[in-house]
Amino acid sequence: GRGVSEVSGRDLALDYLNWWHDRFEARRGRAPSLNSVRAATQAVKSFFDFCERFDYLVDAEGRYLPNPAKALQLPTIPVKGELDWLPAEDDARLLAVAMNERERIQVFFLRMTGLRLTEALTLLNRDVDVSARTVQVRVSKTPSGYRSVPITGELSAQILAWRAFAATLGAHGADAPFLVTRNGTRLTPQQVETTIERVARRAGLSRRVTPHTLRRTFGSDLLNKGVRLEVISRLLGHSSTAVTERCYARLQDATIRDEMLRALI
């Protein structure tokens, strides 16, 4: 019931966020994860940044007031202990297992481009240029996601085989979706997730494999092959190299250790 200029940093940290935490726990029956707390805190900070930018943070005399959300600290999300990517042997097994045309293009395309699932599903045929060997990402969750991703020779062969098959479904126009069902309609996220899980089980992989696992495997493979972090960050469409560093912190540590040991031998 108060105006934004009447709210202090203490109100936000000790009253509002504690109230949000208790309400979340009452609704879900569990405490919020660090990711949820971070998102809620960031939402508050973004709101007050908006108020500051458009001159809502002023007192009755029109004097500018400090942004109370500046005092809020975003919680640090620890790096997961488990691997989010496939080790080389599991990666090879997945790509070598028998697949039909639709399974093959989903697995190979996601694994060899590192695209987010939503990015891959919004691609049109004209966005995938085999002759220029590029995939043009025009729809992404952040501006840094708009990018061009190279097509390798192995992926190029998979795309050509898929297009020959898709043409029989009538999905060969430049403005048709690139990844389609047998009816020529765009694949849904659930259909792709089910396909990836099914192929992984067929390959004998014991762990759960998702489209995001393939994205992470793309990045880890490049990092292991010596590609610079800045290049990997750009290919993945991360907002900054800090995001990439956080995703591959454990792998970076191992790579740095191996490089040092090789240099000392």
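## Reading the model

Helices (H or I, at least four residues) and strands (E, at least two) are DSSP runs, numbered from the N terminus. This is a predicted model, in which local features need pLDDT of at least 70 and side-chain atom pairs count only at pLDDT 80 or more, while totals for chains, interfaces and linings use all residues. Residues are numbered from 1 along each chain as its sequence is written, and side-chain values use heavy atoms, with hydrogens and water left out.

## Helix α9 and the glycine after it

A good place to begin is helix α9, which spans residues 229–236. Its buried residues (under 20% relative accessible area, with over 50% counted as exposed and anything in between as partly exposed; 1.4 Å probe, protein chains only) are L229, I232, S233, L235 and L236. Because these residues cover an arc of only 165 degrees around the axis, they sit on the same side of α9; the arc is taken from the directions from the helix axis to the C-beta atoms.

Just past the end of α9 comes G237, whose phi is positive, at about 75 degrees. E230, which belongs to the stretch 229–236 that makes up α9, joins its side chain to that of R228 in a salt bridge of 3.5 Å, N to O. E230 is partly exposed, because its relative accessible area is 47%, whereas R228 reaches 53% and so counts as exposed.

## Salt bridges around helix α7

Counting a salt bridge wherever a side-chain nitrogen of Lys or Arg lies within 4 Å of a carboxyl oxygen of Asp or Glu, the model has 17 of them. In one, the side chains of R198 and E103 come together at 3.0 Å, N to O. This pair ties distant parts of the chain to each other: R198 is in helix α7 (residues 189–202) and E103 in helix α4 (residues 101–113), 95 residues apart. The two ends have their own surroundings: with 4% relative accessibility E103 is buried, and with 32% R198 is partly exposed.

Another salt bridge, 3.3 Å from N to O, joins the side chains of E197 and R208. Here E197 is in helix α7 and R208 is in the loop between α7 and α8 (211–224), with 11 residues separating them. E197 has a relative accessible area of 26%, so E197 is partly exposed; R208 has 58%, so R208 is exposed. Elsewhere, salt bridges also form a network that links D91, R111, D221 and K225.

## Cysteines

How many disulfides are there? The count is zero, taking a disulfide as a pair of cysteine sulfur atoms within 2.5 Å. Two cysteines are worth finding in the structure. C51 is buried because its relative accessibility is 3%, and C247 is also buried, with 16%.

## Aromatic rings

The structure holds eight aromatic pairs. One of them is Y16 with W19, a tilted pair with 5.7 Å from centre to centre and 40 degrees between the planes. (Rings of Phe, Tyr and Trp, using its six-membered ring, pair if their centres lie within 6.5 Å; planes under 30 degrees apart count as stacked, over 60 as edge-to-face and the rest as tilted.) Both residues lie in helix α1 (residues 9–28), three residues apart, or about one turn of the helix. Y16, at 35% relative accessibility, is partly exposed, and so is W19, at 46%.

F50, F54 and Y56 come together as one aromatic cluster. At another ring, that of Y248, R216 lies over the face at 5.8 Å from the ring centre; the rule asks for NZ of Lys or CZ of Arg within 6 Å of the centre and within 35 degrees of the ring normal.

## The three-stranded sheet

Now look for the strands, which pair if DSSP finds at least two bridges between them. Three of them make an open sheet with antiparallel pairing, in the order β1-β2-β3. Strands β1 (128–129) and β3 are its edges, each pairing on one side only.

Between β2 (residues 134–137) and β3 there are four bridges, and these strands run antiparallel. One bridge partnership sets V135 against V149 in β3. Which side chains of strand β3 (residues 147–150) are buried? R147 and V149 are, pointing to one face, while S148 and P150 point to the other face and are not buried.
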